Structures are given as structure tokens and as C-alpha cells.
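Hi,

Here is the structure I promised to pass on. Have a look at it first, then read my notes underneath.

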Amino acid sequence: MSILSARYATPTLVVLALALVPTVVNVYVGRTVVEGPPLSEALPSVLAGQTSQPTTRKATTIRREFASDDWIERVYASGLGPGVKVLAVRSYDMKRLYHHPELAISEANYGTAEVHEVPAAGGPLAVHVLHGEKGGTAAYALLYKGRTVSNPYLFQLRVAPELLLLGQRPLTLVFAEDEAGRGDQPAADAPAVQRVVAAIAALRAPAS
């Protein structure tokens, strides 16, 4: 028995040491990576020539639904129609952002999201587009390290080792809703999609 114990002592110590790395990094070095500036500063009040007004959504709602205090929501309009509502929220609880965010944000009933590759400066963006059962269009993108995420489930599996070793890093949701949106429009022409693309360009700007 003592021979077997000695034989596996070194591999066991190596495994235990590796297991301690995430604990040391998260507890003693720093558990979270803080991104800035705050979204209330990063998302401009004017997008693509459209001015905006803040909505009346409450901070307690965002905190409850997305476990976040870093967010901003505005309605962008050019003077014609109801405008497009844009919400940007950053959270370390990734699943709350990518698992049917429309249920927490909108009162409309949407079908299954379709992922479209939308042209943009710096390369195409993965934008999730939803069409309402009674009209209207919503679109959202998930932003991580300046890049959009097409399949959030595979994405979270892929980054799990990184988050475990280096500490938690937030995911950013950019969600736009156009109550007058039409389902027969090409995705790139939909106002909700265009606002998402413009918002992402603005959020990327500080890091460029």
C-alpha cells in the first residue's frame, strides 16, 4: 500500500496544485475583471444622427433580471414614429443575458431568434433577430472582448477555463426593439438591427 501511495504522490500533488490555481486567482488576486467606462457613459445620446431620451425602466428591474448595475436604456428617434428602444447591460451572470433576454425586456411575444451576419466596420457582427407575433422587430447582440457571440452556449463552454483561471469577465447585451418593425425587411435594413450595429460601434470606440 505504501508503494502505491509513493508512486502516485507526485501526480496527486500536481493535480492538487493545479486545482488551487483558480482559488488563488479568484480569491487572492482578484475575482472579476472590471470593464469600463460605464455603459451610461459609453453609449452616446445620439446614434446614427438620431437623438434619444432615457426610458423610465427602473434599476431594480435590471438588477433583478440581469444581476447588474451597469446599464443604460434610451429611445432613439428622428421625429417620425415611436423610435427604437436600445438597452445595453453588462453582467457577470452570462446566462441571464443570453437566455431569452426578450422575456425580461419586452412585453411583446417574439418567435425564435435567427442569427444573421450583419456587415459592419471591423467585420460582420452576429446579430440575433426576432419578429413579433403581432408585428414589431427586436434584435440583440452579445459582446465579449469586443466581439459578438453567435452561439452563447458553445461560447460559455469555450471560455469557462479562461474565466476559471483568470477571474470573471462580463458579457454585454445590446438589445434594440422597434415596435413598427416589419418582418419582410432584410435583417441589415431593419431599424432595430441598425441601432444594435451603431451601438456596438460606439461601445467599441473607447478600446479602439
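Below is what turned up, starting with the whole protein and then moving to some details.

Before anything else, keep in mind that this is a predicted model.

**The whole protein**

There are 7 helices and 9 strands in the protein. Of its 208 residues, 39% are buried. The accessible surface comes to about 11,700 Å², and carbon and sulfur atoms account for 58% of that surface. Now think about contacts between residues at least 6 apart in sequence: 64% of them join residues at least 24 apart.

**Salt bridges**

Here's a bit of background: side chains of opposite charge can pair when their charged atoms come close. How many salt bridges does a search of the whole structure find? It finds 8, and a few of them are worth walking through.

Start with Arg90 and Glu35, whose side chains meet in a salt bridge at 3.9 Å, N to O. This pair links distant parts of the chain, 55 residues apart. Arg90 is in strand S4 (residues 84–91), while Glu35 sits in the loop between helix H1 (2–29) and helix H2 (39–42). Are these two buried or partly exposed? Arg90 has a relative accessible area of 11%, so it is buried, as that is under the 20% cut-off. Glu35 comes out at 23%, so it counts as partly exposed.

Arg90 also forms a salt bridge with Asp70, with the closest N and O atoms 2.7 Å apart. Again the pair links distant parts of the chain: Arg90 in strand S4 and Asp70 in strand S3 are 20 residues apart. Asp70 counts as buried, because its relative accessibility is 19%. Put the shared partners together and you get one network of salt bridges, joining Glu35, Asp70, Arg90 and Arg169.

Another salt bridge is formed by the side chains of Arg57 and Glu73, at 2.9 Å, N to O. Where do you find them? Arg57 is in the loop between strand S2 (50–54) and helix H3 (59–66), and Glu73 is in strand S3 (residues 70–77). They are 16 residues apart, and this pair too links distant parts of the chain. Both residues are buried.

**Helix H3**

Which residues are buried in H3? Thr61, Ile62 and Phe66 are. Looking down the axis of H3, you'll see its buried residues fall within an arc of 95 degrees, so they line one face of the helix. The elements that cover them include S3, S4, helix H4 (94–98), helix H5 (101–105) and strand S9 (171–178). Just after H3 comes Ala67, which takes a positive phi of about 55 degrees.

**Ala104**

Last stop: Ala104, which is found in helix H5. With a relative accessible area of 23%, Ala104 is partly exposed. Which residues is Ala104 in contact with, leaving aside its neighbours within four places in sequence? They are Arg57, Glu65 and Phe66. You've met two of these names already: Arg57 is the partner of Glu73 in a salt bridge, and Phe66 is one of the buried residues in H3. As for Glu65, its C-alpha atom and that of Ala104 are separated by 6.4 Å, although the two residues are 39 apart along the chain.

If you open the model, try finding the Arg90 network yourself.

Cheers

Definitions and conventions:
Residues are numbered from 1 along each chain as its sequence is written. This is a predicted model: local features need pLDDT of at least 70, side-chain atom pairs count only at pLDDT 80 or more; totals for chains, interfaces and linings use all residues. Side-chain values use heavy atoms; hydrogens and water are left out. A salt bridge is a side-chain nitrogen of Lys or Arg within 4 Å of a carboxyl oxygen of Asp or Glu. Helices (H or I, at least four residues) and strands (E, at least two) are DSSP runs, numbered from the N terminus. Buried means under 20% relative accessible area, exposed over 50%, partly exposed in between (1.4 Å probe, protein chains only). The arc is that of the directions from the helix axis to the C-beta atoms. Contact means heavy atoms within 4.5 Å. Accessible areas come from the Shrake-Rupley method with a 1.4 Å probe; for residues, only the protein chains shown count as cover.
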